[in-house]
Amino acid sequence: MSLESLRYSRGNLLVLNQLLLPHITEYEAVTGVRGGAEAIREMKVRGAPAIAIVGVLSLAVELTSDPPREVSELLTFVRESLDRLTSARPTAVNMKKAADELSEFLAREAELPGATPQGLTESVVRWAELLLKKDVQDNHEIGDLGARHILQGAASGGAGVTVLTHCNTGSLATAGYGTALGVVRSLHALGRLSHVFCTETRPYNQGSRLTAYELVHEDIPATLITDSMAAVTMRERRVTAVVVGADRVVANGDTANKVGTYQLAVSAKYHGIPFYVAAPSTSCDLSLPNGDSIVIEERPSHELTDVNGVRLAAPGIGVWNPAFDVTPHELITGGIITELGIFRPEELRDGLTRGE
Ligand code: MRU
C-alpha cells in the first residue's frame with residue numbers, strides 16, 4: 001500500500017507528521033481549523049494539493065463536531081476559517097483556489113429558499129470530501145497522460161526511460177498517487193521506467209527525506225543526488241525527461257515550484273532534455289498573467305544553516321531562504337501535464353477553459 005499523507009473519515013482527520021519522516025511514522029489528529037492551519041504552517045503537511053485538502057478537511061471536521069446553529073454564524077465561521085487557512089502559506093495556490101470556490105458555492109447554496117444551517121453544513125462537508133476524492137483521480141490521469149507522452153517523445157522502442165525529479169510530489173504531497181511522482185509511478189507500472197534520479201532538494205530535503213522514502217517504499221529503481229549534481233547527471237546518465245510538480249502555474253505557463261526547479265529547467269534546456277511540469281488544474285492560477293506577481297514564501301534562516309538542530313553554517317553569515325522559484329514558461333519544453341491534457345505553456349489558458 002502507498003504511503004498516506006492523511007487519513008479521513010467523516011468527523012475524523014489524521015495528518016501524517018512529515019517532519020518526523022523517514023524515521024518515525026506518526027499520525028496526529030487535527031480536530032479543527034486552528035490545528036489544520038498550524039499543520040500547514042509548520043510543514044507537518046506540505047505539497048500544494050495536500051495543503052488544500054488538509055485545509056478544507058480541517059474545516060469539515062470542525063463543522064461536523066460543532067455545527068453552527070444559524071446560517072449567518074456558519075457563513076462567518078467558514079469565511080474566517082478560509083482566511084486563516086489561506087494565509088498559512090502563500091505561494092501554493094491550491095488552498096486559495098479551494099477557498100474561493102468553496103465560498104462561491106456556499107454563497108449560492110445559502111441563497112436557495114429553505115437553506116438551513118444543517119443543510120449548508122452538510123454541503124460544505126461533502127464539498128471537502130469531493131476535493132479529496134478528485135485529487136486522487138486527477139493524479140492517476142496526470143500520471144498516465146504524462147507517462148504516455150514521455151514514451152512517445154522518447155521514441156525508445158520498448159526500452160525504458162530515465163527521469164529526473166525534484167522535491168516531493170508523491171502520495172505524501174497529495175491525497176494519493178502524486179503528480180510528477182505519479183508520472184514516475186505510471187512509467188514504472190508500464191514496465192518502462194529504467195531509473196529515476198531524485199534531488200535532495202536543499203534546504204528542506206523533501207527529496208532525500210520524502211521522495212527517496214516513497215521510492216524505496218514502492219520498490220522503484222531510484223538514486224538520490226544532491227541538487228548540485230543535476231547537470232552532470234543529465235549529461236552522464238542519459239536522462240530522458242525532467243518532471244517536476246508545481247505550486248502555482250500562471251496564465252502564460254510560468255511556474256512557481258520548489259526552489260531549485262528553475263536551475264533544473266536551465267540545465268535541461270542546455271542538454272536538450274524535455275522539461276515537464278505535472279500539476280492538477282487546482283494548481284493553475286489564470287488570474288495572474290505571468291510569474292512576476294507570484295508571492296514567494298521566505299522561510300527561516302535556520303532551515304538552511306542547521307541540520308536537525310545542529311548548526312553547520314559559519315555563525316554570523318547572512319542567509320536568503322526563498323522556498324520557491326519561478327521557472328519561465330519558455331523553459332517548460334515538454335509541456336504542462338494536467339488531468340485535462342498536456343499543454344504547451346501558450347496553450348494552457350485555452351486548454352483549461354475549453355469545457356467551461
Ligand atoms: O514547501 P513544500 O514542501 O510545500 O513545497 C512542495 C513543492 O514545491 C512541490 O513540488 C509542489 O507543491 C507540488 S506537490 C504535488
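These exercises, with worked solutions, concern a predicted model.

**Exercise 1. Describe the largest nonpolar core and the elements that build it.**

Step 1. The largest nonpolar core has 39 residues. Those with the most contacts inside it are Leu6, Tyr8, Leu13, Leu57, Leu59 and Met95.

Step 2. Two or more residues each come from strands S1 (6–9) and S2 (12–16), and from helices H1 (33–41), H2 (48–65), H3 (71–86), H4 (94–111) and H5 (117–154). The largest share, eleven residues, is that of H2.

Step 3. Take tyrosine 8 and set aside its neighbours within four places in sequence: the residues in contact with tyrosine 8 are then Leu13, Leu57, Ala60, Val61, Val125, Glu129 and Leu132.

Step 4. A second, separate core has 24 residues, among them Ala246, Val249, Ile273 and Leu352.

**Exercise 2. Characterise the interface of domain 1 and domain 2.**

Step 1. The domain assignment gives domain 1 as 6–135 and domain 2 as 156–355. Over C-alpha atoms, the centres of domain 1 and domain 2 are 26 Å apart.

Step 2. In contact across the interface are 25 residues of domain 1 and 29 residues of domain 2. The area buried between the two domains is about 2,200 Å², and carbon and sulfur atoms give 51% of that area.

Step 3. Between domain 1 and domain 2, 16 residue pairs are in polar contact. On the side of domain 1 that touches domain 2, H2, H4 and H5 each supply at least two residues; the largest share, four residues, comes from H2.

Step 4. Two salt bridges are found across this interface.

**Exercise 3. For the salt bridges of arginine 185 and arginine 248, find the partner, the sequence separation and the burial of each residue.**

Step 1. Arginine 185 pairs with glutamate 218, with 2.9 Å between the closest N and O atoms. Arginine 185 is in helix H6 (residues 180–189) and glutamate 218 in helix H7 (residues 206–218), 33 residues apart.

Step 2. Buried means under 20% relative accessible area. Arginine 185, at 8% relative accessibility, counts as buried, whereas glutamate 218, at 23%, counts as partly exposed.

Step 3. Arginine 248 meets aspartate 285 at 2.7 Å, N to O. Because arginine 248 lies in strand S8 (residues 248–250) and aspartate 285 in strand S11 (residues 284–285), the pair ties together parts 37 residues apart in sequence.

Step 4. By the cut-off of 20%, arginine 248 is buried at 11% relative accessibility, and aspartate 285 is buried at 8%.

Note on methods
Residues are numbered from 1 along each chain as its sequence is written. This is a predicted model: local features need pLDDT of at least 70, side-chain atom pairs count only at pLDDT 80 or more; totals for chains, interfaces and linings use all residues. Side-chain values use heavy atoms; hydrogens and water are left out. A nonpolar core is a set of buried Ala, Val, Leu, Ile, Met, Phe, Trp, Tyr and Cys residues joined through side-chain atoms within 4.5 Å. Buried means under 20% relative accessible area, exposed over 50%, partly exposed in between (1.4 Å probe, protein chains only). Contact means heavy atoms within 4.5 Å. Domain bounds come from an automatic or database domain assignment. Buried area is the accessible area (1.4 Å probe) that two parts lose on being put together, summed over both. A salt bridge is a side-chain nitrogen of Lys or Arg within 4 Å of a carboxyl oxygen of Asp or Glu. A polar contact is a pair of N or O atoms within 3.5 Å; within protein, one must be able to donate a hydrogen and the other to accept it, and residues adjacent in sequence count only if both atoms are side-chain atoms.
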